[in-house]
Amino acid sequence: MTAAPATDTRPGILMMLGGMTLFTLNDALGKWLVADHPVAMLLAVRSLFGLAVLAPMIWREGVAAVFAVDRLPLHILRVLLMTVDVACFYWAVGYLPLADVMTIYMSAPLIVTALSVLVLRESVGWRRWVAVLVGFLGVVIVLNPTGRFDLWPSLVALLGAFIFSCGVISTRVLRSASSLTLVGNQMVGGLLIGGVTLPWSWEAPGWLGFFLLGLLGVTALAGHAMMNRSLQLSPAAVVVPFQYVSILWAVVLDLAVWGTTPTARMGVGAALIIGSGLYIVYREQRLKRGVASEGVAEVP
């Protein structure tokens, strides 16, 4: 009997790469803005700009069609997770260099892989487990590349990484929902949660700050859309390791904007992280080709 065609994971991988590139730009903008504006204000204003961009699409699809969802409690939980994750990141990046916080957040793929097995019942063989662990070793090597260590910001960043991982899993569970619904809910949630504090946190920005706040919303919107689409197209254990590309972008932005020079161990760690991600893709593609061509199972 001929086996069913294997699912091509490359579109999901490309979407994750693009999404994480935009998220890194968003994170750099957030680090720049959080020096002068409260975290809650950033959440509210970026969500407002994101909704402004989404408004024509929501109008075309119909408000009821976009926001009337099944499994409402899970959608609300996902919005809360993703919003708290952003708040943790912006708070931590206000005290630590961007690359430091990004490397702490890169523990998320290991967490997601474990959760994808426990919650989603996705199959992850020992070779990919080893690859993810090697990637995590790379994260440890590049942790605190500037030599600074501030306990509370680091712990908040680690908490944010765990919350982000839970949000990724909830997105995977809700993959039948449209990308517009997922992103629209995220923007509404950020606006409501951040907006509650606006009477106490509002600080009028200048024209440059206003432009950057708007760009913050647009890049966040595009990043969420691409990440959500990635998780709809491919299993979480395959695409999530490509979050590692954020480390490279963070190093470049730290050097270009804040003058933070990467160390030799950053290069070693990045090599391990990127190599492990590439091996996971190679292993996944090899398994898919083997099953499709031979119709037999191979140890993953």
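**Contacts, cores and cavities in an all-helix chain**

Colleague: Which residues does E61 touch, not counting residues up to four places away in sequence?

Modeller: In this predicted model, E61 belongs to helix α2, which covers residues 39–61. Along the chain, E61 and L180 are 119 residues apart, yet their C-alpha atoms are separated by 9.2 Å. With residues up to four places away in sequence set aside, E61 touches V66 and L180.

Colleague: Is E61 buried, partly exposed or exposed?

Modeller: A residue counts as buried under 20% relative accessible area and as exposed over 50%, with partly exposed in between. The relative accessible area of E61 is 46%, so E61 is partly exposed.

Colleague: L51 is also in helix α2; with which residues is L51 in contact, leaving aside its neighbours within four places in sequence?

Modeller: L51 has a relative accessible area of 17%, which is under the 20% limit, and therefore L51 is buried. The C-alpha atoms of L51 and G184 lie 7.0 Å apart in space, although 133 residues separate the two in sequence. Once neighbours within four places in sequence are left aside, L51 is in contact with G184, M187, V188 and L191.

Colleague: How many helices and strands does the chain have?

Modeller: From the N terminus on, each element in the order of the chain is an α element. The count is 14 helices and zero strands.

Colleague: Among contacts between residues at least 6 apart in sequence, what percentage join residues at least 24 apart?

Modeller: The pair L51 and G184, 133 residues apart in sequence, is one example of a contact across a long stretch of chain. Another example is E61, which touches L180, 119 residues away along the chain. For the chain, among contacts between residues at least 6 apart in sequence, the share joining residues at least 24 apart is 88%.

Colleague: Which residues have the most contacts inside the largest nonpolar core?

Modeller: Of the 300 residues in the chain, 51% are buried. The largest nonpolar core has 60 residues. Inside this core, the residues with the most contacts are F89, L98, V101 and Y105.

Colleague: Which residues does V101 contact, leaving aside its neighbours within four places in sequence?

Modeller: V101 is one of the buried residues of α5, and eight of the eight residues in that helix are buried. With neighbours within four places in sequence left aside, V101 is in contact with F89, A92, V93, L96 and A157.

Colleague: Which residues does the second, separate core include?

Modeller: This second core is separate and has eight residues. One of its members is L51, which is in helix α2. The second core includes L51, L54, V66 and L180.

Colleague: What is the volume of the largest cavity?

Modeller: Rolling a probe the size of a water molecule over the atoms shows where empty space is left. The structure holds three cavities of 30 Å³ or more. The largest cavity has a volume of about 240 Å³.

Colleague: Which element gives the largest share of the lining of the largest cavity?

Modeller: The lining has 18 residues, and those nearest the centre of the cavity are F23, D27, D85, Y105 and F164. Two or more lining residues come from each of α1 (10–34), α4 (72–93), α5 (98–105) and α11 (207–233). By class, the lining has eleven nonpolar, four polar and three charged residues. The largest share, five residues, comes from α4.

Colleague: Why does Q186 count as buried?

Modeller: Q186 lies in helix α9, residues 179–195, and touches R78, V79, M82, T83 and H224 when residues up to four places away in sequence are not counted. A residue is buried under 20% relative accessible area. Q186 counts as buried because its relative accessibility is 3%.

Colleague: How far apart in space are G209 and H37, C-alpha to C-alpha?

Modeller: G209 lies in helix α11 and counts as buried at 14% relative accessibility. In sequence, G209 and H37 are 172 residues apart. In space, their C-alpha to C-alpha distance is 9.4 Å.

Colleague: Which residue other than glycine has a phi near 55°, a positive value?

Modeller: The residue is placed in the loop between α3 (63–67) and α4. At 47% relative accessibility, it counts as partly exposed. The residue with this positive phi is R71.

Conventions
Residues numbered from 1 in each chain as written. Predicted model: local features only at pLDDT ≥ 70, side-chain atom pairs only at ≥ 80, totals over all residues. Heavy atoms only, no water. Core = buried A, V, L, I, M, F, W, Y, C linked by side-chain atoms within 4.5 Å. Buried < 20%, exposed > 50% of the residue type's maximum accessible area, 1.4 Å probe, protein only. Contact = heavy atoms within 4.5 Å. 1 Å grid on protein atoms, 1.4 Å probe; cavity = no way out; pocket = protein on both sides within 12 Å on 5 of 7 lines; lining within 4 Å. Points joined across faces, edges and corners; volume = space filled by probe spheres on them. Helix = DSSP H or I, 4+ residues; strand = E, 2+ residues; numbered from the N terminus. Nonpolar A, V, L, I, M, F, W, Y, C, P; charged D, E, K, R; others polar.
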